[in-house]
Amino acid sequence: MHSYPQPAEALVETMTRAAQVEPSRAVAFQGAPGANSHRAALEFAPDCLPLPCFSFEDALDAVKEGRADRAIIPIENSQHGRVADIHFLLPESGLSIVAEHFLAITHDLMALPGARGPFAVAWSHPQALGQSRHFLRQRGIVPMSYADTAGAAAFVREQGDPAAAAIAPRLAAELYGLDVVEQRVEDAADNTTRFVVLARAPLSAAERGAGPAMTTMVFEVRNVPAALYKALGGLATNGVNMTKLESYQKGASFAATMFYADIVGAPGEPSVDLALEELAFHCKDLRLLGCYPQARPRD
């Protein structure tokens, strides 16, 4: 609780108490109230009770421990790439991906009431700073990293420095009594972040519905030449579309590589079943992290 700046603490306490009363409506998110993840939770489930958590691990733990029904986690941004190391966090959590949500990202430059610059520094999450880097360079503002965007806004309010600004959603300015000095300071008009929604149990086929689906997995191929080529061959021969593939090292030996992948389709579809069977044959480890309705066409 006390990891948040003082202006955010009262809001965190109020939202946490509400979630304790009705955990079945609670959606955990990382960051202070007013963060983009807070916005995503409200946009995805307007009737939910958003539960702020200081870290991604805290948000996942809230679901594991029953303090929240679901968690919403950003995993990639259209301008700045990967956000959360979901391929590390999710397999360890035992949770399942049950939905995805795309959030249009807009950032505002905000400061103390009456402050209009010039500003020496701007505080924000590294992702938001990266998404606004041209704006900051043009104005000679030094980017300063903070744990999340809304927390940065609360920090600026707490510090009381008129030469300091924050880059955060407009909701944060409203919650912490800051003035929006410049609107839409992100460098790209189509700036979008993809979120995944996590729950304790995977969706059944009936819950998922009949529409297009996505399946997310992690796998480790055998340490032999052309192992990845052979493993992915089953996707190609069965006409399964892979929309995401990322590699990361398993442990410190740098000898074992894990892969995180998204495919279009769901187990139970003949083409997907055949592709996964062939993939598993060439893998030392294959784990499905979730199958869920597709929120945006991938074809």
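# Welcome to this structure: a short briefing

Let us start at one spot: leaving aside residues up to four places away in sequence, Thr149 touches Ala35, Asn36, Ser124, His125, Ala128, Ile167, Ala168 and Pro169. The model you are looking at is predicted. From Thr149, the tour moves to a helix, a covered strand, a few backbone details and the salt bridges.

**Thr149 and its surroundings**

- You will find Thr149 in helix H7.
- Is Thr149 buried or exposed? Its relative accessibility is 6%, so Thr149 counts as buried.

**Helix H1**

- Helix H1 covers residues 6–21, which makes 16 residues.
- At 1.5 Å a residue, H1 should span 22 Å, and its end C-alpha atoms are 24 Å apart, which agrees.
- Which residues of H1 are buried? They are Pro7, Ala8, Glu9, Val12, Met15, Thr16 and Ala19.
- These buried residues of H1 pack against two strands, S1 (26–30) and S2 (49–53), and against the helices H2 (36–44), H7 (149–159) and H8 (170–176).
- Helix H7, one of those packing partners, is also where Thr149 lies.

**Strand S11, a covered strand**

- Strand S11 runs over residues 192–199, and eight of its eight residues are buried.
- In a regular strand, side chains alternate between the two faces of the sheet.
- In S11, Thr192, Arg194, Val196 and Leu198 point one way, while Thr193, Phe195, Val197 and Ala199 point the other way. Residues of both sets are buried.
- Strand S3 (residues 70–77) pairs with S11 in the antiparallel sense, over six bridges. Here Ala71 has Leu198 of S11 as its bridge partner.
- Strand S5 (residues 96–104) also pairs with S11 in the antiparallel sense, over eight bridges. Here Ala99 has Val197 of S11 as its bridge partner.

**Backbone details worth a look**

- Most residues other than glycine have a negative phi, and most peptide bonds are trans.
- Which peptide bond is cis? The bond from Gly117 to Pro118 is cis, with omega near 5°. Pro118 sits in the loop between strand S6 (108–111) and strand S7 (121–124).
- Arg184 has a positive phi, near 50°, although Arg184 is not a glycine. Look for Arg184 in the loop between strand S10 (179–182) and S11. With 48% relative accessibility, Arg184 counts as partly exposed.
- Ala226, also a residue other than glycine, has a positive phi near 60°. Its loop lies between strand S12 (213–221) and helix H10 (227–237). With 43% relative accessibility, Ala226 counts as partly exposed.

**Salt bridges**

- How many salt bridges are there? The count comes to 16.
- Lys244 forms a salt bridge with Glu76, and the closest N and O atoms are 3.0 Å apart. Because Lys244 lies in strand S13 (residues 242–249) and Glu76 in strand S3, this pair ties together parts that are 168 residues apart in sequence. Lys244 is buried, with a relative accessible area of 11%, whereas Glu76 counts as partly exposed at 22%.
- Glu182 forms a salt bridge with Arg139, and the closest N and O atoms are 3.2 Å apart. Glu182 belongs to strand S10 and Arg139 to helix H6 (residues 133–139), so the pair links parts that are 43 residues apart in sequence. Glu182 counts as partly exposed at 29% relative accessibility, and Arg139 counts as partly exposed at 39%.
- Lys284 forms a salt bridge with Glu220, and the closest N and O atoms are 3.6 Å apart. Since Lys284 lies in strand S15 (residues 283–293) and Glu220 in strand S12, the pair ties together parts that are 64 residues apart in sequence. Lys284 is exposed, with a relative accessible area of 56%, whereas Glu220 is buried, with a relative accessible area of 4%.
- Salt bridges that share partners join Glu76, Arg82, Glu100, Arg194, Lys244, Glu246 and Asp262 into one network. Among them is Arg194, which you have already met as a buried residue of S11.

Definitions and conventions. Residues numbered from 1 in each chain as written. Predicted model: local features only at pLDDT ≥ 70, side-chain atom pairs only at ≥ 80, totals over all residues. Heavy atoms only, no water. Helix = DSSP H or I, 4+ residues; strand = E, 2+ residues; numbered from the N terminus. Expected span 1.5 Å × (residues − 1). Buried < 20%, exposed > 50% of the residue type's maximum accessible area, 1.4 Å probe, protein only. Contact = heavy atoms within 4.5 Å. Pairing = 2+ DSSP bridges. Salt bridge = Lys/Arg side-chain N within 4 Å of Asp/Glu carboxyl O.
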